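Trainee: I have a fold in front of me and I'd like to learn how to read it. Can we walk through it together?

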Amino acid sequence: MIIVGSVRPGRIGLPIAQWVQKAAEGDWEIDFVDLAELDLPFMDEPNHPSIRKYTKQHTLDWSARVDAADAVILVTPEYNHSFSPVLKNAIDFLSQEWWRKPVAFVSYGGVSGGTRGVVGLEPAITGVGMVRTGASVEIPFAGKQVADGEFTPSAKEVAVLDKVLAELEGLATALRPLQNR
Ligand SMILES: Cc1cc2nc3c(=O)[nH]c(=O)nc-3n(C[C@H](O)[C@H](O)[C@H](O)COP(=O)(O)O)c2cc1C
């Protein structure tokens with residue numbers, strides 16, 4: 001599952017996520033989640049997600065989608081030295097579905113390459129029991145690499161993404177018996 005963590009008009013998260021999708025295709029069956037299309041409201045469930053007593057169709061649909069995922073890539077910008085709220089909201093909606101799923105970050109932004117956004121999300125992914133890869137793709141000043149709606153990665157970014165995908169594959173196999181499905 002590749003999650004596009006930005007919903008702004010003109011976002012560069014979409015072309016970056018499309019690059020990730022192209023790189024993973026073939027080895028993986030991809031569920032490409034554009035949070036702009038998913039259009040979840042702000043967390044509106046009355047019960048704690050850990051008990052899985054969902055009352056809204058959008059939550060049931062999101063739950064089934066995440067349940068089916070073997071591994072997750074979060075493509076995330078940095079906003080005001082922290083995470084993208086729409087991405088945090090999508091994580092908060094569920095709990096057991098994320099449990100022991102491998103997760104990798106592809107982050108981008110200005111000088112920090114989105115790393116402060118990732119640090120902001122770390123407690124949330126730890127809270128729901130996800131297991132992070134060692135390698136992460138970090139893209140500073142990513143806007144400079146987007147032209148005509150297409151992202152052009154550097155050789156280093158291609159190499160790190162390959163490493164991330166290989167790690168996710170190993171973790172997906174190792175963690176499968178520990179997941180709630
Ligand atoms: C509300 C907002 C806050 C931002 N804050 C930061 C920041 O703290 N650090 C940074 O490096 N870039 C920051 N940026 C620049 C973004 O990383 C850059 O605009 C990027 O394109 C945003 O991702 P998106 O286009 O996919 O939404 C910010 C952008 C916005 C819109």
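Mentor: Sure, let's begin with the order of elements. From the N terminus, the protein reads β-α-β-α-α-β-α-β-α-β-β-β-β-α, where helices (H or I, at least four residues) and strands (E, at least two) are DSSP runs numbered from the N terminus. That gives six helices and eight strands. Keep in mind that this is a predicted model, where local features need pLDDT of at least 70, side-chain atom pairs count only at pLDDT 80 or more, and totals for chains, interfaces and linings use all residues. Residues are numbered from 1 along each chain as its sequence is written.

Trainee: What radius of gyration would a compact globule of 181 residues have, and what does the protein have?

Mentor: The rule is 2.2 Å times the number of residues to the power 0.38, with the radius taken over C-alpha atoms. For 181 residues that puts a compact globule near 16 Å, and the protein's 15 Å agrees. Its C-alpha trace spans about 45 × 35 × 25 Å along the principal axes.

Trainee: Which residues touch the most other members of the largest nonpolar core?

Mentor: The general idea: in soluble globular proteins, nonpolar side chains tend to be buried together. A core here is a set of buried Ala, Val, Leu, Ile, Met, Phe, Trp, Tyr and Cys residues joined through C-beta atoms within 7 Å. Buried means 20 or more other C-beta atoms within 10 Å of a residue's own, with C-beta atoms placed from the backbone. The largest core has 44 residues, and Ile 3, Ile 16, Val 20, Ile 73, Leu 74, Val 75 and Leu 87 touch the most other members. Helix α1 gives the most to this core, with six residues.

Trainee: Is strand β4 enclosed or open?

Mentor: All eight of its eight residues are buried, so β4 is largely enclosed by the rest of the structure. On one side sit Pro 102, Ala 104, Val 106 and Tyr 108, on the other Val 103, Phe 105, Ser 107 and Gly 109. Strand β4 runs parallel to β3, joined by six bridges; strands pair if DSSP finds at least two bridges between them. Ile 73 stands opposite Ala 104 in β4.

Trainee: And which residues are closest to the ligand?

Mentor: Count a residue as near if its C-beta atom, placed from the backbone, lies within 6 Å. Here 15 residues surround the ligand, the closest being Ser 6, Gly 13, Pro 77, Gly 109 and Gly 110.

Methods
Buried ≥ 20, exposed ≤ 12 C-beta atoms within 10 Å, placed from the backbone.
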